[in-house]
Amino acid sequence: MKKLSYILIALVFFACKDGKKTNSTENTEDKKEIEITKEVINEEEEALPIIVGTQTREAISSEPYDSWFAPTYATYPVDKETAEKVQPLMTDVSVKIFMGTWCEDSQREVPQFYKILDKMNISNDIITLITVDEDKTTPENLEEGLNITNVPTFIFYKDGKEINRIVESPVTSLEKDMLSILSGEDYTHIYAE
């Protein structure tokens with residue numbers, strides 16, 4: 001019985017992960033339940049409209065986007081020790097964030113970034129938030145000349161000049177990558193050539 005339970009748990013996990021059908025001994029009811037669950041999840045994701053252009057934090061943290069923003073924000077454990085080191089380095093820094101409301105990486109990283117800023121008591125006024133379509137473009141061409149290849153992209157500026165950027169996901173963690181960037185350490189994002 002234990003083996004059967006482990007097999008069913010493993011099958012459910014892998015079925016949700018890649019959507020491939022497996023040849024297994026699970027019964028028809030279990031397969032239907034997995035397929036129905038996946039359909040409901042896909043329908044919920046498709047129901048969210050893609051917003052494009054300059055946004056506010058409120059635009060991505062309220063309905064319907066709070067379905068991914070709120071839980072990610074609430075459960076992210078900020079590295080307080082590193083955040084304390086980052087806080088004084090944020091003076092005269094601005095951040096331009098390019099994200100997609102359709103993008104899982106954006107749905108994970110952007111709420112976490114806002115939580116880090118909140119823990120450091122940094123005003124959201126330092127952020128320019130730009131949401132892009134699936135081609136990573138906006139009608140106003142806000143991405144033009146900025147080499148936005150993946151989202152989210154967090155571009156850090158000091159005195160109007162780009163210092164560095166975090167692209168799609170941090171190398172170590174958002175806090176540690178921010179510390180490296182703002183303290184002038186050698187930092188290369190995961191897509192740098």
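Is Tyr65 buried or exposed? I started my notebook with that one, and Tyr65 counts as buried, at 4% relative accessibility. A reminder to myself: this is a predicted model.

**Entry 1: the rings**

I looked for aromatic pairs over the whole structure and found 6 of them. Tyr65 pairs with Trp68 in an edge-to-face arrangement, with 6.4 Å from centre to centre and 65° between the planes. Trp68 is buried too, its relative accessible area being 7%.

Next I turned to Phe69 and Tyr114. Their planes stand at 50° and their ring centres are 6.2 Å apart, so I wrote this pair down as tilted. Phe69 belongs to helix 4 and Tyr114 to helix 6, so the pair ties together parts that lie 45 residues apart in sequence. I checked burial for both partners: Phe69 has 4% relative accessibility and counts as buried, and Tyr114 is buried with a relative accessible area of 2%.

Which residues do ring pairs link into a cluster? I listed Tyr65, Trp68, Phe69, Tyr73 and Tyr114. Tyr73 also has a charge for company: the charged end of Lys115 sits over its ring, 5.6 Å from the centre.

**Entry 2: the cores**

I then went to the largest nonpolar core, which holds 33 residues. Met90, Phe113 and Phe156 have the most contacts inside it. Among the elements giving two or more residues to this core I noted helix 4 (66-75), helix 6 (104-119), strand 2 (93-99) and helix 7 (174-182).

What does Phe113 touch, leaving out residues up to four places away in sequence? I found Val95, Ile97, Ile127, Phe154, Phe156, Leu174 and Met178. There is also a second, separate core of 9 residues, and Phe98, Ile130, Val151 and Tyr157 are included in it.

**Entry 3: the salt bridges**

My count of salt bridges came to 5. Arg108 caught my eye, as it meets Asp105 at 3.0 Å, N to O, and also forms a salt bridge with Glu109, where the closest N and O atoms are 2.7 Å apart. Asp105, Arg108 and Glu109 are thus written down as a linked network of salt bridges.

Arg108 and Asp105 are 3 residues apart in helix 6, so about one helical turn separates them. I compared burial across the network: Arg108 is partly exposed at 32%, Asp105 is partly exposed at 21%, and Glu109 is buried at 4% relative accessibility.

My last stop was Glu162 and Arg165, whose side chains meet in a salt bridge at 2.9 Å, N to O. Glu162 is partly exposed, with a relative accessible area of 39%, whereas Arg165 is buried at 9%.

How values were computed. Residues numbered from 1 in each chain as written. Predicted model: local features only at pLDDT ≥ 70, side-chain atom pairs only at ≥ 80, totals over all residues. Heavy atoms only, no water. Core = buried A, V, L, I, M, F, W, Y, C linked by side-chain atoms within 4.5 Å. Buried < 20%, exposed > 50% of the residue type's maximum accessible area, 1.4 Å probe, protein only. Helix = DSSP H or I, 4+ residues; strand = E, 2+ residues; numbered from the N terminus. Contact = heavy atoms within 4.5 Å. Phe/Tyr/Trp six-rings, centres within 6.5 Å; stacked < 30°, edge-to-face > 60°. Lys NZ or Arg CZ within 6 Å of the ring centre and 35° of its normal. Salt bridge = Lys/Arg side-chain N within 4 Å of Asp/Glu carboxyl O.
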